[in-house]
Amino acid sequence: MRALLRRLWFYLVAAFAAITLNFFIPRMVPGSALQNFLAKMNTASLTPSQLQALEAQYGGGHQGLVAQYLTYLGNLFHGNLGMSTSLSTPVSTVLGNDLPWTIGLVGSATVIAFLVGTLIGVLAGWRRSGLLDSLLPAATFFQAVPYFILASLLMLTLGFYGGMFPTGGAYDTGRFATVTPGWNGPFMANVIDHAALPAATVALASIAGWIIGMRNMMITTMDEDYVLVAAAKGLPRWRVVAVAARNALLPSISNFALSISLVVTGSIVTEIVFNYAGVGREIFNAAQAADYPVMQGILLVVTFTVLGANLLADIVYVALDPRARKVA
Amino acid sequence: MTQTQTLNPSKATTGREVVLEIRGLDVDYGFGPDAVRAVSGADLTLHRGEVLGLAGESGSGKSTLAYALTRLLRAPGVITGGEVLFHSRPQGADAGPVETVDILAADAKELGRMRWSELAVVFQSAMHALNPVARIDAQLTDVLKAHRRHMSPAERRERAVELLRMVGISADRLRSYPHELSGGMRQRVMIAMSLALEPQVVIMDEPTTALDVVTQREILEELMLLRERLGFAVVFITHDLSLLLELADSIAVMYAGRIVERASAAELFRAPRHPYSLGLKGSFPSLHGERVRMEGIPGAPPSLKSMPSGCAFHPRCKFAVDRCKVDLPPLATPAMDRIDGLPDVSAPTPTQRVSSCWLHDGQQAAPDALALPFPTPVHLPDQVATAPNGDTASGADRVPSSTTVTHPTLGSTS
Amino acid sequence: MSPVLRPRRRSGGSGSRPRWLRSPKVAAGSLILLFFVLLAVFGPMAAPHSPEWQASTLDNVPHPPSSQFWLGTDVQQHDLFSQLLAGGRDTLLIAFVGGLVATALSVVVGVSAGFLGGKADEVLSILTNIFLALPGLLILMVVMKMMPDGDTGNPLLIGAVIALSAWAWGARVLRAQTLALRNQDYVDSARVVGEGRVRIILFEILPNLLPILASSFIFTVIYGIGAYASLAWLGLINPTNASWGTMLNTAQQFSATTSGTWWWYGPPALCIAFVGIALALLNFGIDEIVNPRMRSTRRGLRSKGPRFQLGLTPVVRAEEGTRP
């Protein structure tokens with residue numbers, strides 16, 4: 001428990017750093033932030049109140065930097081992320097609608113990729129010369145290609161030309177839609193159908209990392225004496241593999257932190273390709289409309305999501321490694 | 001558990017029945033053209049209840065030999081010849097039919113059954129030999145679960161408690177993780193684990209090298225007591241010859257993958273016949289303060305890839321003659337020991353001593369240092385102490401200890 | 001294997017190839033990469049037309065590849081082959097600049113954290129972990145959108161910004177390795193002898209970090225290519241900078257993927273993919289050379305060698321073993 005509390009401190013610092021960075025990003029860009037925005041904003045329909053809100057958020061010149069920062073912190077503390085300039089709704093409302101979709105998509109894809117990749121990695125590491133090993137370079141293909149290309153590839157082959165899965169959206173909408181959003185069977189099936197390709201993209205792109213990481217850790221772990229002891233003790237084969245896999249899993253979990261942010265950003269790009277109803281589409285639309293409050297809100301929320309995922313990984317790690325529990 | 005073994009450690013009764021037989025064992029690392037020979041034609045005989053020491057510098061092949069005979073040697077180790085026979089006697093039976101297992105011909109299932117239940121291993125570092133993420137009780141009971149199907153969970157737990165108590169650890173440590181135990185305790189757990197199924201042979205690969213000298217002493221003492229009580233035979237691997245001289249009944253000295261001398265501990269201690277044994281012995285202080293100059297062996301052991309011709313030891317041997325560079329000396333009884341005046345029957349000489357050295361082929365007189373008579377009229381000490389040796393880091397800071405292991409053999413002959 | 005990789009005359013023989021080229025993965029990766037580097041350097045000069053050149057301003061139907069336009073044309077009648085040749089330069093330049101800057105940053109932060117230890121390590125580690133958690137590509141999206149148009153065309157600036165979001169990965173790995181090296185005997189002895197910190201880092205530690213450096217550099221370049229291509233594809237890079245990503249952006253705007261004009265989006269996507277694959281192969285190969293234990297042992301498939309299994313040392317009698 002004390003180990004976790006110690007880590008919690010890091011997360012507080014990290015969250016604070018992310019908030020501060022979010023404040024400074026628009027101010028680090030050359031020129032006046034507000035003027036940059038106004039110049040790029042292709043909408044003339046900015047109401048005076050919106051302009052005022054923007055001035056408050058990006059420094060219209062009335063306030064000093066410190067005062068702006070404090071105002072920003074105060075707003076944030078109240079869950080106020082500003083107003084969307086293109087949608088005229090609070091950013092928090094916009095994100096509240098998007099976030100569940102993104103978390104559902106990334107979460108399920110990551111869990112699937114982690115489980116399947118770890119399993120394949122265990123087998124590949126255990127049977128060094130197996131067929132699985134020769135598949136490794138193929139797996140790297142998915143890792144080396146940008147998400148949006150992989151996503152387009154899947155969309156074109158399985159979706160557009162293959163016709164097996166829908167090519168866009170999170171569920172059927174429009175006039176011909178037969179499903180009604182809600183917790184009902186047909187709608188859930190429709191959602192899963194729509195999520196299949198984006199989730200497959202995210203899973204395929206990240207699975208190679210899990211496979212290779214787990215395989216290499218298995219090979220390293222199998223050189224440990226305790227695995228040889230397990231074999232010498234006459235334990236059933238699967239128990240010996242389990243001893244090695246259980247230990248090899250630990251570094252794999254701590255590597256989670258190395259990759260999760262890449263996976264999340266990748267899946268946001270994937271959402272854009274599939275026009276999925278999540279944060280990705282929102283940030284793309286916001287970028288098109290130069291809707292800075294939304295963009296920055298998404299930045300902040302995504303960072304927090306990544307930090308949350310890391311915290312979760314930390315908790316799992318502490319639960320799995322008795323040695324981590326002791327370190328105070 | 002029934003305890004059948006007599007507590008009488010007299011070699012005359014326990015030393016005769018063979019339990020493990022190794023004939024001409026060859027072990028390679030790698031396969032095909034890249035292969036290097038790591039062990040050549042090793043012959044060893046382990047008698048029931050006996051402690052057989054395997055000594056040599058690191059890289060001499062002693063561990064390779066020990067792991068190969070259990071078929072636990074890791075890739076790229078390959079056994080390329082020889083025989084390993086395990087003469088198993090059903091537990092609790094003093095006499096009766098002996099079942100022989102050909103270990104090199106056994107399949108995974110057969111090995112899985114007989115390993116640990118009849119032939120257990122204690123690894124060098126308990127730190128690495130215990131699964132860091134499993135509790136002690138789980139690691140003690142899983143072996144029971146695998147081999148003793150009939151035991152109930154409660155019985156297994158009881159046995160685990162019993163095992164821990166046997167090595168002097170209280171039952172409340174059952175739920176500990178390895179990292180919560182001290183180094184000595186971990187090695188004790190490892191020993192308890194090896195004895196879980198009451199094996200007939202335990203192979204110990206430098207079991208105390210990683211420990212400090214006091215703990216080392218304590219554990220060895222306990223180990224010898226347990227051995228007397230349970231009657232298992234031990235193959236004890238170490239680079240520390242002086243330790244073996246105390247513990248072992250017989251000793252095989254290995255160099256560059258070959259056994260270069262095999263003799264009883266007393267013989268090897270009093271009168272080594274191979275220059276390498278002499279050098280190895282000289283690397284450690286004399287056991288009872290004889291004024292012998294401490295000298296290591298000059299040079300380093302050869303790499304497996306570039307073995308010297310002839311006797312592999314000749315580049316480092318101060319007695320080397322021309323023949324040593326050309327011909328490999330056979331492992332044979334030294335000429336001077338071949339005379340009819342064989343060692344006394346009461347002396348602990350289960351097998352005839354052998355040495356692989358041209359100096360003992362009878363063609364010339366062996367150098368004095370290698371030709372000490374045995375048995376000697378000299379009084380043998382029953383109290384022995386070890387002192388610094390320069391071999392490894394772990395042994396470097398050893399100091400003479402007041403607690404000594406009284407060796408039954410040496411003790412009985414004094 | 002290929003005319004490019006002729007064995008050097010003076011040593012001759014097939015076994016004289018340098019070690020790193022003996023790995024087929026490294027060889028294939030370097031070849032592909034070399035091809036694209038040459039393309040990036042000479043492509044724009046070799047292109048028959050400039051990227052902005054239009055064959056006609058009246059026609060608005062994309063034409064499939066022909067003898068005149070090897071890769072066809074897009075809606076605005078740009079010669080896609082010329083665009084493809086010109087489009088590699090910025091992508092590779094930005095990725096390499098990003099890789100270099102990120103690697104330099106990661107060395108500075110990672111090695112100092114690992115070597116100095118204590119409070120410095122703690123602060124630098126927290127910094128590294130924070131940057132690891134930041135969604136780099138999203139920050140780039142926001143920053144690029146905020147930048148004045150002129151700046152989003154500056155390859156060096158974009159490379160540096162990409163590096164800022166990519167150095168943490170390498171720093172974390174380098175820190176761990178430095179920490180391990182710091183406690184090695186030879187580093188200790190150098191310290192005892194009284195060598196200065198900088199000297200120890202430069203001459204004792206850095207050489208041992210080279211494989212990790214190489215791998216982290218390659219990783220960052222892959223990331224940079226992906227990031228730049230994604231940004232361009234999203235339309236956040238000044239569209240006058242011809243690159244594979246901007247080609248994909250225009251293709252996307254005109255729904256090329258769903259109208260069957262494969263010659264429009266296919267080649268640039270393939271180029272991006274191949275550069276990525278080449279780098280991944282290189283990384284894979286380097287990894288195998290540095291950690292031989294991780295190499296795939298295909299022995300069991302190729303030769304009749306023994307099958308190794310944990311706890312079952314193979315027994316191959318000499319009679320059977322030596323004779324094939």
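How many bridges join strand 10 of chain B to strand 11 of chain B, and in which direction do the two strands run relative to each other? Two bridges join them, and the strands run antiparallel. That pair is a convenient place to begin this tour, which passes through a predicted model.

**First stop: the sheet of chain B**

Select chain B on its own and look for its strands, bearing in mind that this chain has 13 helices and 11 strands. Seven of the strands form an open sheet in the order 6-7-8-3-9-10-11, with mixed pairing. Strand 6, residues 119-122, and strand 11, residues 354-355, stand at the edges of this sheet, and because each has a single partner strand, one side of each is left without a neighbour in the sheet.

Now colour strand 10, residues 258-264, together with strand 9, residues 250-255; these two run antiparallel and are joined by six bridges. To follow the pairing residue by residue, pick B:Ile251, whose bridge partner in strand 10 is B:Ala263, and then B:Ala252, which stands opposite B:Arg262 of strand 10. If you keep B:Arg262 selected and turn to strand 11, you will find B:Val354 standing opposite B:Arg262 there. Is strand 10 mostly covered or uncovered? Strand 10 is mostly covered, since seven of its seven residues count as buried.

Between strand 9 and strand 10 the chain makes a hairpin with two residues between the strands, and in this hairpin B:Ala256 takes a positive phi near 50 degrees. For a view of the other edge, select helix 7 of chain B, residues 183-194, which lies across strand 6 and strand 7 (201-205) and runs at about 175 degrees to strand 6.

**Second stop: chain B as a whole, and its confidence**

With the whole of chain B shown again, consider that 48% of its 414 residues count as buried, and that residues 24 or more positions apart account for 69% of its contacts with a separation of 6 or more.

Next, colour the chain by pLDDT, for which the mean in chain B is 79, with 79% of its residues reaching 70 or more. Two stretches deserve a separate selection. Over residues 341-350 of chain B the pLDDT stays under 50, and the model has 16 contacts beyond four places in sequence for this stretch. Over residues 377-414 of chain B the pLDDT likewise stays under 50, and here the model has 66 such contacts. Where pLDDT is low, the predicted coordinates should not be read in detail.

**Third stop: chain C**

Hide chain B and bring up chain C, where the secondary structure comes to 13 helices and zero strands. Of the 324 residues in chain C, 49% count as buried, and 71% of the contacts with a separation of 6 or more are between residues 24 or more positions apart.

Which parts of chain C carry the annotation "transmembrane region"? According to an unreviewed UniProt entry, the annotation covers residues 26-47, 92-116, 123-144, 156-174, 209-234 and 262-286. Two of these spans can be inspected in turn: residues 26-47 are 95% helix and 0% strand, with their end C-alpha atoms 29 Å apart, while residues 123-144 are 91% helix and 0% strand, and their end C-alpha atoms also lie 29 Å apart.

**Fourth stop: where the chains touch**

Show chain B beside chain C once more, and select the place where 13 residues of chain C are in contact with 15 residues of chain B. On the chain C side, these residues divide into seven nonpolar, five polar and one charged.

Then replace chain B with chain A, whose contact with chain C takes 55 residues from chain A and 49 residues from chain C. Several helices of chain A each supply at least two residues to this side, among them helix 1 (2-28), helix 8 (185-222) and helix 13 (292-320). Helix 13 gives the most, with nine residues. By class, the side of chain A that touches chain C has 40 nonpolar, 13 polar and two charged residues.

**Last stop: A:Arg2**

Finish by selecting A:Arg2, which lies in helix 1 of chain A. Is A:Arg2 buried or exposed? A:Arg2 counts as exposed, because it has 10 C-beta neighbours inside 10 Å. As a closing distance, draw a line from the C-alpha atom of A:Arg2 to that of A:Leu65, 63 residues apart along the chain, and the separation is 38 Å.

Key. Residues are numbered from 1 along each chain as its sequence is written. Chains are lettered from A and ligands numbered from 1 in the order in which they are written. This is a predicted model: local features need pLDDT of at least 70, side-chain atom pairs count only at pLDDT 80 or more; totals for chains, interfaces and linings use all residues. Helices (H or I, at least four residues) and strands (E, at least two) are DSSP runs, numbered from the N terminus. A residue is buried if 20 or more other C-beta atoms lie within 10 Å of its own, exposed if 12 or fewer, and partly exposed in between; C-beta atoms are placed from the backbone. Two residues are in contact if their C-beta atoms, placed from the backbone, lie within 7 Å. Ala, Val, Leu, Ile, Met, Phe, Trp, Tyr, Cys and Pro count as nonpolar, Asp, Glu, Lys and Arg as charged, and the others, Gly among them, as polar. UniProt positions are given in the numbering used here, feature names are shortened, and annotations may be inferred rather than shown by experiment. pLDDT is the predictor's confidence in each residue, from 0 to 100. Two strands pair if DSSP finds at least two bridges between them. Axes are lines fitted to C-alpha atoms, for helices over the stretch in contact, and angles run from 0 to 180 degrees between N-to-C directions.
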